[in-house]
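Biologist: I've got a new structure open on my screen and I'd like to learn how to read it. Could you walk me through it, one feature at a time?

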Amino acid sequence: MQDSLKSSSYQQLEQKSKYTNMFLRWFLYFILILFASYFIFPLYVMVVTSLKTMEEIRQGTLLSWPSGLNLESWAVAWGGRGYGAGDTFLRPYFWNSIKMVVPAVFFSTFIGAMTGYVLTKWRFKGDQWVFLFLLFGCFIPFQAILLPMARTLGVLGISNSVVGLVLVHTVYGIPFTTLFFRNYYISVPTELVKAARIDGAGFFKIFFKILLPISAPIIVVTVIWQFTQIWNDFLFGSTFSFGEAAPIQVALNNMVLSSTSVKEYNVDMASAIIAGVPTLIVYVLAGKYFIRGLTSGAVKG
Amino acid sequence: MFKWLEKNLPKIVMAPAVGLIGWFVYGFVLWTLYISFTNSKILPKYELWGFGQYEKLWASRKWLIAVDNLLIFTALFLIFCVVIGIILAIFLDQKIRAEGLLRTIYLYPMALSFIVTGTAWKWILNPTLGIQKMFRDWGFENFTFDWLVDREMAIYTIVIAGVWQSAGFVMALFLAGLRSVEDEIVKAAKIDGASLFTVYWKILLPMMRPVFFTSFVILVHISIKSYDLIVALTQGGPGISTTMPALYMTQTAFHKSQVGLSAASAMMMFMAVAAVIIPYLYSELRRENAR
């Protein structure tokens, strides 16, 4: 009785404010679309600019539509013009990034899964402090480790190489991957593990038979997070590599900054899109997992 | 022996991660701290030199500009990201059509690197062919928008690009926060005659205190570390007008070979981050323990 009364008076209230609501909703959509255009604007400009010739760029405005589907600047950005020295293009650096990302994502995810597993299912005295110890690695400004890292890579003989960057990204990914897996495994009932232990299952058997089969969502979140972070990294890439070993973001920056006689904005924009497209594809395909990683790994910048 | 191995297997599995972080994070930070108290130039020297590098740092005009820029950038970046993020989150929370699409649009810049973002905005903001030309071609012949090449204003172009990249993220945080509030609370307030505005202003936003806190920490963290965006957009220029601490640190270390001085600047950044993060971690842990 009480409930039905409440909901009917609620409906009346909704009725009464119908007209104010209509106005409000138009306003709402107006603002939302206004912001959507602010966010879309640079992407639109990048795409149309990359399809224009330099002549069109000088004639038209940022927003003007390209005369046709002119893919030449894309070809130049990806494969160069085919003359020797000073012809920088993205293809080799794109592969550098792939060679760097795949092992670094794999190792950091694997190590994170293991530490997350131990920290939640094989708890020991002081494990909370160990977690805090690892977690702190999420927050340090990397400037505080750049100098010794550069020296260490030199001593190990892997400075300016993809291997060196794999090591760097694996190590500094561990705090995040540990955080992800620890927070996921903590909600898995420990009784499951206890029962398996009584049945005589060992450390690795429990991981592979019980934990791993239910880990798909967190593995996806972690892999996407690590992939995006490592693909988009510039600080490590530009500090620890140059020339041929550089990853794609470094190469993009060098291309855009290199002062040849004429600035080719169409090639710049095509290059920027090429460097951004892998992470954009992941975002569009797996946005849900991307956001989940973002909000729980949010501690990082 | 086997028994011991079996008993300690979990700890053995943990060891590499703990060892790596111990060495590469803690060891390295301590090394940098030590070096900041020496008179190291190109190569590190290990005799202590006191606070000399810190005195040099705070007497350097470039560093003071960097700190000044960081304060300006952080304040504006925080305000715009949070205000835009909250507005978008509240508006999206009104049972909007195509909410999924709009959310995707607001958040996609987060998937891009700051180098890509910087490259795009550099092109848009360049006075000869970018926005300025667009408005002039449209008939606003005196329209001027040349912040990118203006010493006084260039720092604000970094704010524009930074907000563009990160505002959607704050939106996602607040939207998740708003969605976790029980519907009943809002309904009850409406029955009591509260307008939608009052519901948000007096009830929901105050409930979002932890989200404000999280956003604050993350955004300050991003801004202290901001490096890529400046490299791609202005390279610290025109002149040194858009230098920020992270850029100062790498330039001093790798172009000027002033290892001790750059270590001191890195430690200043480290302390700034710690001042924000330690209270945050402390409160997070307390919340977790209270549960």
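Modeller: Happy to. Let's begin with burial: a residue is exposed if 12 or fewer other C-beta atoms lie within 10 Å of its own, and buried if 20 or more do. One thing to keep in mind is that this is a predicted model.

Biologist: Let me try that on one residue, then. Is B:Lys95 buried or exposed?

Modeller: B:Lys95 has 7 other C-beta atoms within 10 Å, so it counts as exposed. Its place in the chain is the loop between helix H3 (61–92) and helix H4 (99–107) of chain B. Its backbone is worth a look too: B:Lys95 has a positive phi of about 50°, although it is not a glycine.

Biologist: Which loop holds B:Ser257, and how exposed is that residue?

Modeller: B:Ser257 sits between helix H12 (245–255) and helix H13 (259–290) of chain B. It has 13 C-beta neighbours inside 10 Å, so it is partly exposed. B:Ser257 is not a glycine either, and its phi is positive, about 55°.

Biologist: Let's zoom out. How many helices and strands does chain B have?

Modeller: Chain B has 13 helices and 0 strands. Written out in order, the pattern is just α-α-α-α-α-α-α-α-α-α-α-α-α.

Biologist: And how do I judge the overall form of chain B?

Modeller: Compare its radius of gyration with that of a compact globule. For 291 residues the globule would come out near 19 Å, whereas chain B has 24 Å. Its C-alpha atoms fill a box of roughly 75 × 70 × 35 Å along the principal axes. As for burial, 44% of the 291 residues in chain B count as buried.

Biologist: What share of the contacts in chain B joins residues at least 24 apart?

Modeller: Take the contacts between residues at least 6 apart in sequence: 68% of them join residues at least 24 apart.

Biologist: Can we check a single helix, say H7(B)?

Modeller: Sure, start with its length. Helix H7 of chain B covers residues 154–179, which makes 26 residues, and at 1.5 Å a residue it should span 38 Å. The end C-alpha atoms are 38 Å apart, so the expected and actual spans agree. Even so, H7(B) has a kink of about 35°, centred on B:Trp164. H7(B) is also mostly covered, with 22 of its 26 residues buried.

Biologist: Now the partner. How many residues of chain B are in contact with chain A?

Modeller: There are 79 from chain B, in contact with 71 from chain A. On the chain B side, helix H1 (residues 2–35) gives the largest share, 17 residues. By class, that side has 61 nonpolar, 11 polar and 7 charged residues.

Biologist: Which domains does the assignment give for chain A?

Modeller: Domain 1 is 2–70 and domain 2 is 91–296. Their C-alpha centres lie 35 Å apart. Where the two touch, domain 1 of chain A brings 8 residues and domain 2 of chain A brings 7.

Biologist: Which helices supply the domain 1 side of that contact?

Modeller: Helix H2 (18–50) and helix H3 (54–59) of chain A each supply at least two residues. The largest share, 4 residues, comes from H2(A). Sorted by class, the domain 1 side has 4 nonpolar, 3 polar and 1 charged residues.

Key
Residues are numbered from 1 along each chain as its sequence is written. Chains are lettered from A and ligands numbered from 1 in the order in which they are written. This is a predicted model: local features need pLDDT of at least 70, side-chain atom pairs count only at pLDDT 80 or more; totals for chains, interfaces and linings use all residues. The radius of gyration is taken over C-alpha atoms; the globule rule is 2.2 Å times the number of residues to the power 0.38. Domain bounds come from an automatic or database domain assignment. Ala, Val, Leu, Ile, Met, Phe, Trp, Tyr, Cys and Pro count as nonpolar, Asp, Glu, Lys and Arg as charged, and the others, Gly among them, as polar. The expected span of a helix is 1.5 Å times one less than its number of residues. The bend at a residue is the angle between axes fitted to the seven residues ending there and the seven starting there.
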